[in-house]
Amino acid sequence: MKAVITGGAGFIGSHLSDHLIAQGHEVVVIDDLSTGSLDNLSRIRSSPALRFVQGDILDRDLVDSLVEGADAVYHLAAAVGVHTIVDNPLRSLRTNLHGTENVVEAAVRHRVPYMVASTSEVYGKNDADGLTEHDDRIYGSPLKSRWSYAAAKGLDELVAYVHGTESDVPCVITRFFNVVGPRQTGRYGMVVPRFVDQAVSGEPITVYGTGTQRRCFGSVFDVVPTLPRLLETPEAYHQAVNLGGHEEISIKGLADRVVELTGSESEITYMDYEEAYGEGYEDMQRRYPDTSLARRLIGYEPTRDLNAIID
Ligand code: NAD
């Protein structure tokens, strides 16, 4: 089987490349290396089963030529990380909207089953009980650049779904909830690698907000093998499927755990969201995935706890 992985030199994409090649498949990676890196592919770089193409998913002809003749497309390329999005909202919109359109259209044109990576951010702030025009709690305000990521991913889901159902080409939308593991970088705001980097280098560990907000972290080693399985499961077609871990922890608790596991002497400090991310930034208090659909479809059960993930 030949799989095209967009964003295959990124964190999740490179683990998926490893996994598919270990299973005897051919992999074509397209990545512009904006947040990904060739180092992430070092384990498989010399494998004849890997073809790496440095390119942009906005290049419609390139995407089309790579997808033609493939057996599966995994679309993971995106502008990610709060800092990237807030600093370059236009670029993220283009990549996350038009890039996805290019990939999905190529998959449908060549009738290749495809997976599109989405995010728990499409659930918005999730605690709204009455909405005004000034309410930021769904996606955040449309007029703030932070909104571009969640909104574009929401539209990506629709593009994937509508093309898939109209053409009857299999597609699966995966909603990732804080997937973590080796190769994830803390440079773009991801909390676990950022805390680990700060702990290991002895810098203060910076908690944004009060630290009482609760999250779950899923291991990339639990999530990645589910992607090809979902794409081989007709009951999953044209659905959005949550994927993530179940061990819930506050961000302050996470900082304590990182200090304990790394034996660091770093102190834990606090910074307002607004100072970290700019004016008007808020975050939800809790984010916990219901993964029962993935369990029903393919028996998904995350097995790695937070200690195993941080180790
Ligand atoms: P990542 O930044 O490591 O991977 C994204 C990859 O896409 C990078 O290698 C980057 O260089 C590449 N890329 C960006 N723009 C591109 C373009 N225009 N053309 C070609 N390549 C481009 O991030 P990740 O955590 O591996 O995320 C993978 C996917 O999963 C993304 O779609 C992301 O939105 C989604 N996601 C991830 C998480 C998570 O917890 N890691 C959570 C929700 C959603």
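Which residue in β6 is the bridge partner of A117? Let's find out by walking through the sheet and then the ligand's surroundings.

## About the model

This is a predicted model: local features need pLDDT of at least 70, side-chain atom pairs count only at pLDDT 80 or more, and totals for chains, interfaces and linings use all residues. Residues are numbered from 1 along each chain as its sequence is written.

## The sheet

Seven strands form an open, parallel sheet in the order β3-β2-β1-β4-β5-β6-β11. Strands (E, at least two residues) and helices (H or I, at least four) are DSSP runs numbered from the N terminus, and two strands pair if DSSP finds at least two bridges between them. β3 (50-54) and β11 (239-243) stand at the edges with a single partner strand each, so one side of each has no neighbour in the sheet. From one strand to the next, the twist averages 20°.

Now for our opening puzzle: T174 in β6 is the bridge partner of A117. Six bridges join β5 to β6 (residues 171-176), and these strands run parallel. Helix α5 (residues 147-167) packs on the sheet and touches β5, β6 and β11, with its direction at about 155° to that of β5. Touching means C-beta atoms, placed from the backbone, within 7 Å; axes are lines fitted to C-alpha atoms, for helices over the stretch in contact, and angles run from 0 to 180 degrees between N-to-C directions.

## Around the ligand

Of the 28 residues around the ligand (C-beta atom, placed from the backbone, within 6 Å of it), G7, G10, F11, G36 and A78 come nearest. The largest share of this shell, three residues, comes from α1.

Terms used. Two residues are in contact if their C-beta atoms, placed from the backbone, lie within 7 Å.
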